[in-house]
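Please look over the sequence and the structure below before reading on. The report that follows takes up the chain as a whole and then some of its parts.

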Amino acid sequence: NNQPHEFILHHTDKDLKRMNRFVHRTFNATDLLYFISALQRLFIKHNSLENIFIKHSTKNKFDIEQGLKDFYLEFFDDEFAPQRTRKHISTPDKKSACKRLCMYLRWMVRDDNKVDFGIWKQIKTNDLICPLDVHVSNIARKLHLINRQQNDWQTAVELTAILKQFDANDPVKYDFALFGMGVHDR
């Protein structure tokens with residue numbers, strides 16, 4: 001009923017049973033059911049996913065790398081966590097660029113009245129890391145913003161540092177433009 005948060009918190013066994021045949025690309029019913037269970041556990045424990053990301057923050061500084069690591073550890077802090085599901089949540093510990101989680105953080109933190117929701121208020125836009133996908137990285141290389149060939153965490157951090165030279169308060173605002181240029185290969 002277009003209420004995912006309510007569903008996560010108040011689903012029934014009957015609701016879950018309907019998902020036993022779910023498949024989308026590499027994400028299957030095992031993954032979906034674990035996600036629902038993990039998210040319910042996290043919302044009950046922390047009230048908001050934001051509280052997981054900021055749990056090691058100080059008053060003046062949010063460490064996004066630590067926040068991503070904390071989220072991964074909390075998400076899989078369950079003895080029944082399926083090994084196969086771990087591939088769907090990234091962490092800088094595995095050198096991942098953490099594209100999806102960086103995109104999620106961008107949506108939740110930035111408020112542009114267009115794409116980003118700006119719901120979370122405890123993380124600042126200048127603490128975000130630019131979501132790095134193949135389109136963004138290809139254009140960033142063509143523009144000589146980055147030189148590294150790997151699409152990993154270090155490259156995402158380096159690109160964000162360069163983007164901070166253009167706007168120190170909101171470097172990830174350039175993500176959408178880089179992505180669009182990459183998709184249209186300009």
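## Surface and overall form

How much accessible surface does the protein chain have, and what percentage of it belongs to carbon and sulfur atoms? In this predicted model, the accessible surface of the protein chain comes to about 11300 Å², and carbon and sulfur atoms hold 52% of that area. The charged side chains number 29 positive and 24 negative, and the centres of these two sets lie 4 Å apart.

The protein chain contains nine helices and two strands, and from the N terminus on these elements follow the order α-α-β-β-α-α-α-α-α-α-α. Its radius of gyration is 18 Å, close to the 16 Å that the globule rule gives for 186 residues, so the protein chain is as compact as a globular protein of that length. Along its principal axes, the C-alpha trace spans about 55 × 40 × 30 Å. Of the 186 residues, 45% count as buried, and among the contacts with a separation of 6 or more, 55% join residues that stand 24 or more positions apart.

## The nonpolar core

In soluble globular proteins, nonpolar side chains tend to be buried together. Here the largest nonpolar core has 49 residues, of which Phe53, Leu68, Phe71, Phe75, Ile123 and Leu159 touch the most other members. Two or more residues of this core come from each of helix 3 (29-46), helix 4 (50-53), helix 5 (64-75), helix 6 (99-109), helix 7 (134-142) and helix 8 (153-164), and helix 3 gives the most, with eight residues.

Leucine 68 may serve as an example from this core. Not counting residues up to four places away in sequence, leucine 68 touches Phe53, Pro92, Cys98, Leu101, Cys102, Leu105 and Trp153. Among these partners, Leu101, Cys102 and Leu105 are also buried residues of helix 6, together with Arg106, Met108 and Val109. The cover over the buried residues of helix 6 includes helix 4, helix 5, helix 8 and helix 9 (175-183).

## Histidine 46 and lysine 55

Histidine 46 belongs to helix 3 and has a relative accessible area of 16%, which means that this residue counts as buried. Leaving aside neighbours within four places in sequence, histidine 46 is in contact with Asn51, Ile52 and Glu74.

Lysine 55 is found in the loop between helix 4 and helix 5, where its relative accessibility of 40% makes it partly exposed. With neighbours within four places in sequence again left aside, the contacts of lysine 55 are Asp70 and Glu74. Lysine 55 and alanine 168 are 113 residues apart in sequence, and their C-alpha atoms are 24 Å apart in space.

## Two asparagines with positive phi

Most residues other than glycine have a negative phi. Which sign does phi have in asparagine 47? The value is positive, near 70°, and asparagine 47 sits in the loop between helix 3 and helix 4. Because its relative accessibility is 63%, asparagine 47 counts as exposed.

Asparagine 113, which is not a glycine either, has a positive phi of about 60°. The loop between helix 6 and helix 7 is the place of asparagine 113, and with a relative accessible area of 72% this residue is exposed.

Methods
Residues are numbered from 1 along each chain as its sequence is written. This is a predicted model: local features need pLDDT of at least 70, side-chain atom pairs count only at pLDDT 80 or more; totals for chains, interfaces and linings use all residues. Side-chain values use heavy atoms; hydrogens and water are left out. A nonpolar core is a set of buried Ala, Val, Leu, Ile, Met, Phe, Trp, Tyr and Cys residues joined through side-chain atoms within 4.5 Å. Buried means under 20% relative accessible area, exposed over 50%, partly exposed in between (1.4 Å probe, protein chains only). Helices (H or I, at least four residues) and strands (E, at least two) are DSSP runs, numbered from the N terminus. Contact means heavy atoms within 4.5 Å. The radius of gyration is taken over C-alpha atoms; the globule rule is 2.2 Å times the number of residues to the power 0.38. Accessible areas come from the Shrake-Rupley method with a 1.4 Å probe; for residues, only the protein chains shown count as cover. Lys and Arg count as positive and Asp and Glu as negative; His and the chain ends are not counted. The place of a charge is taken as NZ of Lys, CZ of Arg, CG of Asp or CD of Glu.
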